[in-house]
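This report looks at one charged side chain and its setting, and then widens to the helix packing and the overall fold.

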Amino acid sequence: MSGASGFDATGEELCCAAFVRLDGVLRVLAARAGLSDRYDVVAEGMQHLMASLGGQELDGKVLGRRSA
């Protein structure tokens with residue numbers, strides 16, 4: 001295993017690829033459902049999770065944030 005994430009290089013690449021796909025799908029679905037304004041909250045959480053794969057600590061405030 002390598003990196004702070006505990007994944008090997010292939011695992012990290014697969015996580016990044018999954019993130020890019022999920023990001024695109026969620027953006028399209030949010031727009032179709034008229035929820036584009038809430039998409040940013042989801043994207044921020046996903047970006048935070050990806051950063052954790054690079055060694056940053058998870059922040060419960062970001063991950064637990066609720067939109068009004």
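## A buried acidic residue

In this predicted model, Asp23 is buried (under 20% relative accessible area, with a 1.4 Å probe and protein chains only) yet has no salt bridge, a term that requires a side-chain nitrogen of Lys or Arg within 4 Å of a carboxyl oxygen of Asp or Glu. The nearest side chain of opposite charge (Lys and Arg count as positive, Asp and Glu as negative, while His and the chain ends are not counted) belongs to Arg27, 4.0 Å away.

Asp23 lies in helix 1, and, leaving aside residues up to four places away in sequence, Asp23 touches Tyr39, Ala43 and Met46, where contact means heavy atoms within 4.5 Å.

## Packing of helices 1 and 2

Helix 1 (residues 9–32) packs with helix 2 (residues 36–53) at an angle of about 175°, their axes being 10 Å apart; axes are lines fitted to C-alpha atoms over the stretch in contact, and angles run from 0 to 180 degrees between N-to-C directions. The two helices are therefore roughly antiparallel, the term for angles over 145 degrees.

Residues on the helix 1 side include Phe19, Asp23 and Arg27, and those on the helix 2 side include Tyr39, Ala43 and Met46. By class, this contact has 13 nonpolar, two polar and three charged residues.

## Overall fold and basis

The protein has three helices and zero strands, with helices taken as DSSP runs (H or I) of at least four residues and strands (E) of at least two. Buried residues make up 18% of its 68 residues.

Residues are numbered from 1 along each chain as its sequence is written, and side-chain values use heavy atoms, leaving out hydrogens and water. Local features need pLDDT of at least 70 and side-chain atom pairs count only at pLDDT 80 or more, whereas totals for chains, interfaces and linings use all residues.

Notes:
Parallel < 35°, antiparallel > 145°, perpendicular 65-115°, else oblique. Nonpolar A, V, L, I, M, F, W, Y, C, P; charged D, E, K, R; others polar. Buried < 20%, exposed > 50% of the residue type's maximum accessible area, 1.4 Å probe, protein only.
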